[in-house]
Amino acid sequence: NDPVSIIGRKRDGGELSTAQIDAVVAGFTAGTVAPEQMSALAMAILWRGMSRREIADWTAAMIASGTRMDLSGLRRDGRALATVDKHSTGGVGDKITLPLTPLIASFGLAVPQLSGRGLGHTGGTLDKLEAIAGWSPQVSPDRLREQLSRVGAVICAASDDLAPADRKLYALRDVTGTVASIPMIAASIMSKKIAEGTGALVLDVKVGSGAFMTTYERAHELAATMVELGADAGVRTSALLTDMSAPLGRSAGNALEVAEAVEVLAGGGPADVVELTLALAREMLAAVGYEDVDPADHLADGSAMDTWRAMIAAQGGDPDAPLPRAHHSETVSAPESGFLTDLDALAVGQAAWELGAGRSTPGAAVSAGAGVTWHAGLGDRVVAGAPLLTLHADDAARFAAARGRLTDAFAVAAERPALPASRVLGR
Ligand code: URA
């Protein structure tokens with residue numbers, strides 16, 4: 001089971017044994033398998049793929065590299081609390097976790113949303129919430145249980161001990177061109193979600209230019225792989241495939257997206273964000289047997305907003321504090337009159353990143369106010385010369401690069417485009 005033999009076996013198209021997978025994942029975590037060896041293996045896996053059994057073993061080995069949390073036995077007022085979580089494979093303007101977590105918790109459920117930061121063109125939930133004055137992503141395991149029992153909703157950073165092999169491997173894949181492997185993405189996501197201890201899980205698998213999976217077929221394969229991994233581990237798992245060719249909502253950027261999430265919690269907000277929030281909410285509620293309730297009621301009657309405020313306050317945040325705004329803004333005008341037929345998610349995400357909303361190296365600071373807002377969605381009428389996009393940055397020198405990303409990002413045509421009725425493409 002030495003690393004060189006394991007790499008050679010996968011390079012030549014062989015199947016790795018359970019013992020080989022355990023040895024290489026444990027060795028990499030401990031530092032006895034060198035990063036260059038793991039990089040070579042990751043590239044071999046990307047090309048050769050993995051069997052279902054290998055993916056399950058790889059996931060189990062990554063879970064075993066840290067501690068699997070136990071969230072059973074949570075109670076409120078003497079009643080057992082079911083746990084249910086959601087994971088999105090990542091997109092542009094995807095702020096759904098923000099309204100969805102308190103919305104689900106407002107039904108008397110516990111939502112342990114262990115989230116990450118953005119890297120590259122996709123935003124990170126923790127970066128968004130840090131735009132709120134005082135809010136902290138650090139929650140100890142004891143406090144996590146306490147907050148879940150009392151408030152029901154927690155959005156926080158995963159502890160260092162949650163699937164540490166994945167953290168190390170993800171950083172390596174990110175710089176070795178080996179992210180886009182369905183077995184490795186599935187194992188990466190599911191090892192963290194299974195280790196987190198949730199009883200049920202709904203996956204939002206994104207399809208399109210702004211997503212890891214640009215075709216429906218690959219997104220479907222990823223979704224099916226993850227659903228099976230969840231089921232094997234005793235986590236009730238389902239998946240929706242949703243469109244990420246155009247960005248979600250009307251903004252990409254940290255504070256900008258928090259503001260949009262708060263609009264949704266107040267009963268308003270962009271139609272596509274509301275639609276996806278409710279579609280995922282129905283799936284999560286069904287996963288724990290709450291088929292008879294309508295999540296739209298809790299957006300309308302303020303219950304989800306009350307839980308949001310309690311969740312933010314429990315982590316030191318002031319839900320009433322004004323959100324930071326960028327020092328500078330610039331508009332991009334519509335080149336002609338007509339209907340917006342294209343707004344490319346990847347280009348908008350890259351522009352937001354150029355403006356300072358994201359980071360290019362792990363650990364760098366992000367700008368809370370930076371980002372992009374768009375004043376029309378797909379199919380909306382636009383007027384020549386009127387603002388189509390607004391760019392926000394703390395440093396005006398960033399505008400040129402962002403404009404460069406947006407040159408081919410949108411299209412206007414005389415005819416209203418035929419648009420799919422829903423962001424949800426399949427399941
Ligand atoms: N998100 C993850 O957590 N892991 C991947 O490999 C890809 C997306």
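**Exercise 1.** Determine which side chain meets E257 in a salt bridge, and where in the chain the two partners lie.

*Solution.* Begin with the criterion: a salt bridge is a side-chain nitrogen of Lys or Arg within 4 Å of a carboxyl oxygen of Asp or Glu. In this predicted model, local features need pLDDT of at least 70 and side-chain atom pairs count only at pLDDT 80 or more, whereas totals for chains, interfaces and linings use all residues. Residues are numbered from 1 along each chain as its sequence is written, and side-chain values use heavy atoms, with hydrogens and water left out. The partner of E257 is K128, at 3.0 Å from N to O. Next, place both residues: E257 belongs to helix α11 (residues 254–265) and K128 to helix α6 (residues 125–129), so the pair, 129 residues apart, links distant parts of the chain; helices are DSSP runs of H or I with at least four residues, numbered from the N terminus. Finally, the whole structure holds 25 salt bridges.

**Exercise 2.** Describe how domain 2 and domain 3 meet.

*Solution.* First take the bounds, which come from an automatic or database domain assignment: domain 2 covers 75–314 and domain 3 covers 328–413. Their centres, taken over C-alpha atoms, are separated by 25 Å. The contact (heavy atoms within 4.5 Å) takes 23 residues from domain 2 and 28 residues from domain 3. Then consider the buried area, that is, the accessible area (1.4 Å probe) that two parts lose on being put together, summed over both: about 1700 Å² is buried between the two domains, 59% of it on carbon and sulfur atoms. Last, count the salt bridges between domain 2 and domain 3, of which there are two.

Conventions:
Helices (H or I, at least four residues) and strands (E, at least two) are DSSP runs, numbered from the N terminus.
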